[in-house]
Amino acid sequence: MDLHQRQHFDLLLQMATERLIERAVQRCEGVEAALHQLRTDPDGEGVWLGRFVDAFFDDALLDNPAGACFVLQALERRPVPAAALDGRVGDALRSLAKQAFRALLTQKAHEALAQQAVYAG
């Protein structure tokens, strides 16, 4: 991945992290509650991480085979959870890309929320 592509991916990740945190803090009514929800049930009330990743991929035009390959290329060294990859290649690529992006986004959101909690408290 060349430097320009890497910068583009890093910007997308930063935007996703900021949007997820802002949304979770608002819906969970505070940093501590958002951090707790993200840790205990990321797809539950207030965070809805799966829906967020799906919507972000749509908004960022990543929900296609080329976008999935872009994400996978940026995250080539990261592990992804075992998944049943049944069906078409494009669907499998999108699924893998979303899983890998979700894992990294969760990590970044945890870090940022934990940092906010320390500074707020």
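**Five helices, seen from a few residues**

Let me start with lysine 108, which counts as partly exposed because its relative accessibility is 32%, where partly exposed is the range between buried, under 20% relative accessible area, and exposed, over 50%, with a 1.4 Å probe and protein chains only. What you have in front of you is a predicted model, in which local features need pLDDT of at least 70 and side-chain atom pairs count only at pLDDT 80 or more, whereas totals for chains, interfaces and linings use all residues. Residues are numbered from 1 along each chain as its sequence is written, and side-chain values use heavy atoms, with hydrogens and water left out.

Lysine 108 sits in helix H5, and I should say that helices here are DSSP runs of H or I with at least four residues, strands being runs of E with at least two, both numbered from the N terminus. Which residues does lysine 108 contact, once its neighbours within four places in sequence are left aside? They are Leu13 and Thr17, contact meaning heavy atoms within 4.5 Å. For threonine 17, the C-alpha to C-alpha distance to lysine 108 is 6.6 Å, although 91 residues separate the two in sequence.

The other partner, leucine 13, belongs to helix H1 and is buried, at a relative accessible area of 8%. Its contacts, again without the neighbours within four places in sequence, are Phe101, Leu104, Leu105 and Lys108. With leucine 104 in particular, leucine 13 has a separation of 91 residues along the sequence and of 8.5 Å in space, C-alpha to C-alpha.

Stepping back to the whole chain, the secondary structure consists of 5 helices and 0 strands, and the order from the N terminus reads α-α-α-α-α. How does the radius of gyration compare with that of a compact globule? A compact globule of 121 residues would have a value near 14 Å, and the chain has 15 Å, which agrees; the radius is taken over C-alpha atoms, and the globule rule is 2.2 Å times the number of residues to the power 0.38. Along the principal axes, the C-alpha atoms occupy a box of roughly 45 × 35 × 25 Å.

Of the 121 residues, 37% count as buried, and the chain exposes about 7,300 Å², with carbon and sulfur atoms supplying 52% of that area; these areas come from the Shrake-Rupley method with a 1.4 Å probe, and for residues only the protein chains shown count as cover. If we take the contacts between residues at least 6 apart in sequence, 72% of them join residues at least 24 apart.

Now to the packing of helix H1, residues 3–28, against helix H2, residues 31–40, where the angle is about 110° and the axes are 8 Å apart; the axes are lines fitted to C-alpha atoms, for helices over the stretch in contact, and the angles run from 0 to 180 degrees between N-to-C directions. The two helices are therefore roughly perpendicular, given that 65 to 115 degrees counts as roughly perpendicular, under 35 as roughly parallel, over 145 as roughly antiparallel, and the rest as oblique. Ala24, Val25 and Cys28 on the H1 side meet Val31, Ala33, Ala34 and Gln37 on the H2 side. Sorted by class, this contact has 6 nonpolar residues, 1 polar and no charged ones, where Ala, Val, Leu, Ile, Met, Phe, Trp, Tyr, Cys and Pro are nonpolar, Asp, Glu, Lys and Arg charged, and the others, Gly among them, polar.

Alanine 34, in H2, is buried at 0% relative accessibility. Beyond its neighbours within four places in sequence, alanine 34 contacts Ala24, Val25, Cys28, Val47 and Leu113.

Arginine 94 lies in helix H5, residues 89–120. Is arginine 94 buried or exposed? Arginine 94 is buried, since its relative accessible area is 18%, and, not counting residues up to four places away in sequence, it touches Asp63, Asn64, Pro65, Ala68 and Arg88.

Finally, some backbone angles. Most residues other than glycine have a negative phi. Tryptophan 48, not a glycine, has a positive phi of about 45°; it is in the loop between H2 and helix H3 (49–59), and it is buried, with a relative accessible area of 17%. Leucine 61 has a positive phi as well, near 60°, and is placed in the loop between H3 and helix H4 (65–74), where leucine 61 counts as exposed at 66% relative accessibility.
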